[in-house]
Amino acid sequence: MLLVLIGLASGRAVGADRISVAVSIDPLADFARRVGGDRVQVLTLIPPGASPHTYELKASQVAQVARAHLLVLNGVGFEFWADKLVRAVDNPALEVVDTSRGISILEAGEHEQADRHADTDHSGGNPHIWLDPRQAMVQVGHIRDALVRADPDHAAIYRTNTTRLLTELGNLDREIVAQVGTWRRRQFIAFHPAWVYFARRYSLEQVAVIEASPGWEPSPVELARVVETAKRIGARAIFAEPQFSPKAAETIAQESGAQVLFLDPLGSTLKDRGYGAMMRYNVAQMASALR
Ligand SMILES: [Zn+2]
């Protein structure tokens, strides 16, 4: 089935001479659109509302990647399907862009199940680098470099667009530094370990998570431990995420006297409003619990 679809979809033409860019998650797709402007056609592989930690690509998406010039990945083992995908598309002209190169990676955490996808090369690091705007700037640089390689005739456009985007991200970072600096609380409980780079950048502390390995529900013992932590730090909010059921967060919130708020590490509830809007939404949610 898979091979038939790839066969039908072969041939690289993607309308005009635009560069076809397949990207795993929305925040990186936003960067690719901003850097590429109307020179690129961007396809996000993980659909809104799905979790990248568990989503398996469909055969039709494999066919789309077979026609792409670039495959932009977050890296750090986040795209556990990437190696299999690249073998399946069998497109020697496809450039795979690992946007995590050069970023100092934090450990996944003691409870992370590194053998979850045993058939893939799982690096074991925490992949949520894009949630620190300073690291996102590094990722943007990799996207620019890949577009310049793929389409050198338009390098000037990519460089100009990137300069503008990096300025915005630098401003966003300073804005968050200023805002977080006024908060009276530093400790928070997250749904899954998505906010460790954010916390490192802004001197916050993710003291507990509800699901260390997203998609695997916590045991009663683990739930009780998070409730204890919530009480100890006097948590005003427990953070859930739109890609997962809020049930466990609701239980913990009820038993610790906190409320449930939503953080959205992928921006899927803010469709097409871009990375800056996503980060400002998350900072505002955290602010209502921590300021
Ligand atoms: Zn995650």
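Q: Buried or exposed: which word fits histidine 53 and histidine 128?
A: Both histidine 53 and histidine 128 are buried, and that word means under 20% relative accessible area, with exposed over 50% and partly exposed in between (1.4 Å probe, protein chains only). Keep in mind that this is a predicted model, where local features need pLDDT of at least 70, side-chain atom pairs count only at pLDDT 80 or more, and totals for chains, interfaces and linings use all residues. Residues are numbered from 1 along each chain as its sequence is written, and side-chain values use heavy atoms, with hydrogens and water left out.

Q: Which atoms coordinate the zinc ion, and what makes them donors?
A: They are NE2 of His53, NE2 of His128 and NE2 of His192, at 1.9 to 2.0 Å. Donors are N, O and S atoms within 2.8 Å of the metal (3.2 Å for Na, K and Ca), so these nitrogens count. Water is not among the atoms, so sites may look incomplete.

Q: What spacing do the donors of the zinc ion follow along the chain?
A: The pattern is H-x74-H-x63-H. Histidine 53 and histidine 128, 75 residues apart, link distant parts of the chain: histidine 53 is in the loop between strand 2 (40-44) and helix 3 (59-66), and histidine 128 in the loop between strand 4 (95-98) and helix 5 (133-150). Helices (H or I, at least four residues) and strands (E, at least two) are DSSP runs, numbered from the N terminus.

Q: How do you know that strand 3 and strand 4 pair?
A: Two strands pair if DSSP finds at least two bridges between them, and four bridges join strand 3 (residues 70-73) to strand 4, running parallel. Across that pairing, leucine 71 stands opposite valine 96 in strand 4.

Q: Why are strand 2 and strand 4 called edges?
A: Four strands form an open, parallel sheet in the order 2-1-3-4. Strand 2 and strand 4 each have a single partner strand, so one side of each lacks a neighbour in the sheet.

Q: What makes the unit of strand 5, helix 7 and strand 6 right-handed?
A: Strand 5, helix 7 (residues 196-202) and strand 6 form a right-handed β-α-β unit. The word applies because, with the strands pointing away from the viewer, the path from the first strand over the helix to the second runs clockwise. Strand 5 (residues 187-190) and strand 6 (residues 205-209) run parallel, joined by four bridges.

Q: Why is tryptophan 183 called buried?
A: Its relative accessibility is 4%, so tryptophan 183 counts as buried. Tryptophan 183 sits in the loop between helix 6 (155-180) and strand 5. Leaving out residues up to four places away in sequence, it touches Leu204, Val283, Met286, Ala287, Leu290 and Arg291, where contact means heavy atoms within 4.5 Å. Tryptophan 183 and alanine 287 are 104 residues apart in sequence, yet 7.1 Å apart in space, C-alpha to C-alpha.

Q: What is notable about phi of valine 76 and phi of serine 203?
A: Phi of valine 76 is near 60 degrees and phi of serine 203 is near 55 degrees, positive values in residues other than glycine. Most residues other than glycine have a negative phi.

Q: Buried or exposed: what are valine 76 and serine 203?
A: Valine 76, in the loop between strand 3 and helix 4 (82-89), has a relative accessible area of 8%, so it is buried. Serine 203, in the loop between helix 7 and strand 6, is at 54% relative accessibility and therefore counts as exposed.
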